[in-house]
Amino acid sequence: MTDTVLAVPSLVTTLSITAGAISGALHASSRRLDLTGIALVALCTGIGGGAIRDVILGQDVPFFLVSNALGVAAIGAIAGYFFARIVSHLTPAIFTVDTLLIGVWVVIGAEKALNEHLSASAAVMLGVITAVGGGVLRDVLCREVPTALMPGQWVAASAIASALAFVGVDTWTGQRTLATVLAIVVASGLRLASAKRGWVTPDAVTASRRIRQWVRLGGGDGGEPSK
């Protein structure tokens with residue numbers, strides 16, 4: 001494993017925060033929150049994942065207090081509020097940008113954990129939190145069950161697969177650039193494929209039934225070992 005730090009272009013980070021804030025503002029507007037509520041939800045959506053990550057890591061100062069992240073998120077919040085009708089027509093573009101950036105957020109979170117010499121499992125966890133934490137905060141503030149935790153398109157699942165790919169390749173090969181590219185491709189590919197093909201993560205009851213069916217098929221009729 002290497003301690004080489006990936007320099008994520010500032011433009012990419014800016015785009016991800018802005019897209020997250022716009023998404024949060026549109027979500028809050030559709031729930032008929034007031035201006036203060038929309039601003040809060042937008043800010044939390046844009047910077048929430050990174051903020052949670054830094055708190056878990058025990059950072060003295062979270063990233064959004066030592067960068068232009070708050071200003072960028074505020075611009076996204078304003079755009080989402082005052083230009084909601086116009087921005088709503090850009091939903092496909094926002095979805096595409098958000099999808100492409102899932103892997104970037106995963107890499108940023110997982111890499112930060114690895115550079116703190118944390119375990120591989122901790123790096124995977126922090127990568128996923130960085131990618132989906134903002135959306136979870138958005139839904140909680142809007143008094144909804146977080147979308148990432150509900151059956152549906154592969155949001156959290158894509159982040160988990162991406163984090164596993166990044167940490168696995170980085171740990172086994174030490175090739176962080178290769179790990180980064182693979183993580184972004186895995187996250188974006190799974191998210192886009194799930195949206196296009198209608199793949200959904202099953203609820204607990206459905207998953208349990210499928211597992212029992214697989215066990216029966218593997219064990220033969222009646223659950224007895226096949227001869």
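**Exercise 1. Find the helix that gives the most to the nonpolar surface patch in this predicted model, then place L35.**

Start with the members: the patch on the surface is made of L35, I78, Y81, F82, F83 and I86, and together they have about 610 Å² of accessible area. Next, go to the helices. Helix α3 spans residues 69–82 and gives the most to this patch, with three residues. L35, by contrast, sits in helix α2 (residues 35–57). Last step, exposure: L35 has a relative accessibility of 47%, which lies between the 20% and 50% cut-offs, so L35 counts as partly exposed.

**Exercise 2. Work out which parts of the chain the E144 and R31 pair ties together.**

First, the general idea: side chains of opposite charge can pair when their charged atoms come close. Now check the distance. E144 and R31 meet through their side chains at 2.6 Å, N to O, and the cut-off for a salt bridge is 4 Å. Then look at where the two residues live. E144 is in the loop between α6 (120–141) and α7 (156–173), while R31 is in the loop between α1 (10–30) and α2, so the salt bridge ties together parts 113 residues apart in sequence. As for cover, E144 is partly exposed at 23% relative accessible area, and R31 is partly exposed too, at 39%.

**Exercise 3. Decide whether R176 is buried or exposed, and list salt-bridge partners for R176.**

Take the accessibility first: R176 comes out at 5%, under the 20% cut-off, so R176 is buried. One partner is E111, with a salt bridge at 3.5 Å, N to O. That pair links distant parts of the chain, 65 residues apart: R176 belongs to helix α8 (residues 176–197) and E111 to helix α5 (residues 91–115). E111 is buried as well, at 6% relative accessible area. Another partner is D170, at 3.0 Å, N to O, and here again both R176 and D170 are buried. Elsewhere, R53, D54 and K112 are joined into one network by salt bridges that share partners. The full count is six salt bridges.

**Exercise 4. Describe the fold of the whole chain in numbers.**

Count the elements: nine helices and zero strands. Then burial: of the 227 residues, 41% are buried. For contacts, take residues at least 6 apart in sequence; 73% of those contacts join residues at least 24 apart. Finish with the surface: the chain exposes about 12,400 Å², and carbon and sulfur atoms supply 66% of that.

How values were computed: Residues are numbered from 1 along each chain as its sequence is written. This is a predicted model: local features need pLDDT of at least 70, side-chain atom pairs count only at pLDDT 80 or more; totals for chains, interfaces and linings use all residues. Side-chain values use heavy atoms; hydrogens and water are left out. Patches are made of residues with over 30% relative accessible area and no salt bridge: like charges are joined within 9 Å, nonpolar side chains (Val, Leu, Ile, Met, Phe, Trp, Tyr) within 5 Å. Accessible areas come from the Shrake-Rupley method with a 1.4 Å probe; for residues, only the protein chains shown count as cover. Helices (H or I, at least four residues) and strands (E, at least two) are DSSP runs, numbered from the N terminus. Buried means under 20% relative accessible area, exposed over 50%, partly exposed in between (1.4 Å probe, protein chains only). Contact means heavy atoms within 4.5 Å.
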